[in-house]
There are 2 protein chains.
Amino acid sequence: MADVDVSSILARMTQAPFSPLEPSDRLLVGPGPSNVPESVREVMQRSQLGHLDPEFWDICSEVAAMLAQVYRRPSGLSFPLSATGTSGIEAVLCGLVAPGETAIVAVAGFFGSRIAEIARRRGAKVVAIEAPLGQAVPNEAILDALARHPEARLVAVVHAETSTGVRHPLRELAQALAGSDTLLFADCVTSLAGIELEPEAWGVDACASCTQKCLGAPPGMSPLSLSERALERIRARDEPVPLSLDLELVGRYWFERPAPYHHTAPILHVYALHEALRLVLEEGLEARWQRHEEVGRYLQAELRARGFELLADEAVQLPQLSAVRVPEGIDGPEVQRRLAREHGIEVGGGLGPSAPPIWRIGTMGVNATVEVADRVLEALDAVVAHRRRLAPASR
Amino acid sequence: MADVDVSSILARMTQAPFSPLEPSDRLLVGPGPSNVPESVREVMQRSQLGHLDPEFWDICSEVAAMLAQVYRRPSGLSFPLSATGTSGIEAVLCGLVAPGETAIVAVAGFFGSRIAEIARRRGAKVVAIEAPLGQAVPNEAILDALARHPEARLVAVVHAETSTGVRHPLRELAQALAGSDTLLFADCVTSLAGIELEPEAWGVDACASCTQKCLGAPPGMSPLSLSERALERIRARDEPVPLSLDLELVGRYWFERPAPYHHTAPILHVYALHEALRLVLEEGLEARWQRHEEVGRYLQAELRARGFELLADEAVQLPQLSAVRVPEGIDGPEVQRRLAREHGIEVGGGLGPSAPPIWRIGTMGVNATVEVADRVLEALDAVVAHRRRLAPASR
């Protein structure tokens, strides 16, 4: 904030009265948020109940019950934190690691780095195991680190690394850790309701996600899922955690009746999450995974056919998020601006100053359809005029 | 969570498919949330932009500019945290107090206690100065504590104590602290846009509020306002704070362009806040304060005329929140249930296990009208049949 120049902001203050918003239409096929289904938008128009109304508590109970199904965790507890995915990850890490304890963190991109950063701020000793961008951290390297640091209380990985489009082999890691006292946390921000995820069957103790990607609600809450032993550790904690991130209190708020006050839930967002979860279960979780898989593979095949290269190794490429290398000589950000301006399409760029020149294309939630993929491909063809320039014949 | 019985939740899991929500209509005249104006609801239906879209950043800039006006703080920075008011208070306290430092906290109810609790969790040495429920902590007692603890880095008070309906004499406290190196923080959750609040003119360094009370948006964000010297302390901090509560990073996210990624803003809620702030400025801040004042005084006079007693001392009674003592022999929670069921009206009860038997009636935002006050009074008359039983003639 040292560098913040607020003069332009202050200049705007003289422009009052401000006008009502009229945001442009966007097909949101960046790394998230995705577009929100009509019925999810619509439910946010319903009558707002108070957060201490027993009728609202029933809605919360249904949200938790549906979340347990979408997380496929019949035991333990699944509930959302009333904040963004970043806060949800931080709440879980604060609950599972105390200052001075060791956490092994797989860092294969921006969001792995953030887990390490959050754990360090918690006062944990972080053992970061890195992989080059586009690859997953090998499970063997994580297990080696655990052998060197048997005192580690937590292994943390990103299931779907949103900065690169890489899937971590989470099931295999969980199975390799079976029987260990070290808990396993997975950042499921981009994976929940998009790709196969079975925390309880696999043995993943804690997950944190967001609402605005494959789940299809607007951003604003962080669905969490905790195993029994994760809950035990949270309850047994001696070191204080921030009140707003205290999962013992948040859990009581979601499951005890009358609900003990902790904060005011974002009521309309709880409605939106209720409807989004309902749509996921109505479609069927496995059908939804399959849809994301098919559309992602279609898009990726079409991109490769046009000569584009993907950042991620094919063996670990996520279906729902494709990081596309910006071809030499092309101005990546300018292409993004033209896609937005001329086609109403949002595609993401690289995340953070050290990111390579990439576009990130997400086909998540309602946008995981062949029609959407085709619309993106056509717009890319029009803006990049890429097919002609990079087709084999012209090389 | 040790006591949570999830069996009823799990039983519901067999009830799928879940039905779309149809929440009951409610006049929300408890301690918050209040009802959301039509145009605020409507703007949440507009096209959702991505959080990294420059068009969205312009909206954020307007929100910050309007917030600076509603907080009447031309210098420093005003911006919302993407979380509830509880998180906003915690973010400010984490930024302004380091572990081991002393904070003087005025505790005149539930929310004063929470500030003390949040500061303790931060590792601060908390000097709590208490007042009986219904009264404000005298400024003299706070100044005495500061004289005994000149090392204190922060004085924290609740401007409008939502649990009791008491207003802290904030202006006088700020003036008494002028020239001190100890910063002043005010919890403005229930005061912002409802009663007079002039942080910069008075000398209040930091404020945190919510969106769902006098401001009239749904719950989900926490508008903050920081003076230059509060920002300096936040920047100079050595001790880490949780990443999601780091106001230096959140400030950069709101004011630097391109915005450095910190989290995904709750986009539709930012739209709602934009519209709510626009309505406040359109009405005029002082006209809005006046409206809350007149309606609250009207409601309170009518309540007293019916023989009800208010919890707060009249000298410090907030207009927008009236804590009404439940008369002897009346079942307070049953009255709340009947008001909801028979009249569609939400009135609050006491907060926390040690609260006395009270109802809390809020006339905030769009509900600060004589018509709403009359509707509440008529419903109370019908349910409590109070006028007859407590009228002087029958005593």
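This is a short walk through a predicted model with chains A and B.

Start with chain A as a whole. Chain A holds 15 helices and 14 strands. Its radius of gyration is 22 Å, and the globule rule gives 21 Å for 395 residues, so chain A is as compact as a globular protein of that length. Along the principal axes, the C-alpha atoms fill a box of roughly 65 × 55 × 50 Å. Of the 395 residues, 56% are buried. Now the contacts. Take those in chain A with a separation of 6 or more: 72% of them come from residues 24 or more positions apart.

Next, the domains. How is chain A divided by the domain assignment? Domain 1 comes in two pieces, 27-33 and 285-388. Domain 2 is 38-282. The two centres, taken over C-alpha atoms, are 26 Å apart. Each side of the contact is made of 26 residues: 26 from domain 1 of chain A and 26 from domain 2 of chain A. On the domain 1 side, two elements give two or more residues, α12 (285-305) and β11 (321-325) of chain A. The largest share there, four residues, comes from α12(A). By type, that side of domain 1 has 17 nonpolar residues, seven polar and two charged.

Now one helix in detail: α14 of chain A, residues 370-384. It has 15 residues and spans 20 Å from first C-alpha to last. The expected value is 21 Å at 1.5 Å a residue, so the two are close by the helix rule. Which residues of α14(A) are buried? They are Val372(A), Ala373(A), Val376(A), Ala379(A), Leu380(A), Val383(A) and Val384(A). Look down the axis. The buried residues of α14(A) fall within an arc of 130°, so they line one face of the helix. The general point behind such a pattern: an α-helix has 3.6 residues a turn, so residues three or four places apart point the same way. Turned away from the buried side of α14(A) are the exposed residues Glu371(A) and Glu378(A). After α14(A) comes Ala385(A), with a positive phi near 45°.

Over to chain B, and the α14 helix there. Ala379(B) sits in α14 of chain B, residues 370-384. Is Ala379(B) buried or exposed? It has 21 C-beta neighbours inside 10 Å, and the cut-off for buried is 20 or more, so Ala379(B) counts as buried. Leave aside its neighbours within four places in sequence, and Ala379(B) is in contact with Leu339(B), His343(B) and Ile345(B). For a sense of distance, Ala156(B) is 223 residues away along the chain, and its C-alpha atom is 38 Å from that of Ala379(B).

Then the interface between the chains. Chain B gives 91 residues to the contact, and chain A gives 91. On the chain B side, the elements that supply two or more residues include α3 (54-70), α4 (85-96) and α11 (267-283) of chain B. That side divides into 47 nonpolar, 25 polar and 19 charged residues.

Stay with α4(B) for a moment. It has 12 residues and reaches 17 Å, close to the 16 Å expected at 1.5 Å a residue. How many of its residues are buried? 12 of the 12 are, so α4(B) is largely enclosed by the rest of the structure. Among them are Glu90(B), Leu93(B) and Cys94(B).

Last, the backbone geometry. Most residues other than glycine have a negative phi, and most peptide bonds are trans. Here are some exceptions.

Two cis bonds in chain A. One joins Gly32(A) and Pro33(A), with omega about 5°. Pro33(A) lies in the loop between β1 (27-28) and α2 (38-43). The other runs from Arg257(A) to Pro258(A), with omega near 0°. Pro258(A) is in the loop between α10 (247-255) and α11 (267-283).

Two positive phi values in chain B. Arg72(B) is not a glycine, yet its phi is about 50°. It is in the loop between α3 and β2 (77-81) of chain B. With 16 C-beta neighbours inside 10 Å, Arg72(B) counts as partly exposed. Ala193(B) is not a glycine either, and its phi is about 70°. Its loop runs between β8 (183-187) and α8 (199-202) of chain B. Ala193(B) is buried, with 28 other C-beta atoms within 10 Å.

That is the tour. Thank you.

Note on methods: Residues are numbered from 1 along each chain as its sequence is written. Chains are lettered from A and ligands numbered from 1 in the order in which they are written. This is a predicted model: local features need pLDDT of at least 70, side-chain atom pairs count only at pLDDT 80 or more; totals for chains, interfaces and linings use all residues. Domain bounds come from an automatic or database domain assignment. Two residues are in contact if their C-beta atoms, placed from the backbone, lie within 7 Å. Ala, Val, Leu, Ile, Met, Phe, Trp, Tyr, Cys and Pro count as nonpolar, Asp, Glu, Lys and Arg as charged, and the others, Gly among them, as polar. The arc is that of the directions from the helix axis to the C-beta atoms. The radius of gyration is taken over C-alpha atoms; the globule rule is 2.2 Å times the number of residues to the power 0.38.
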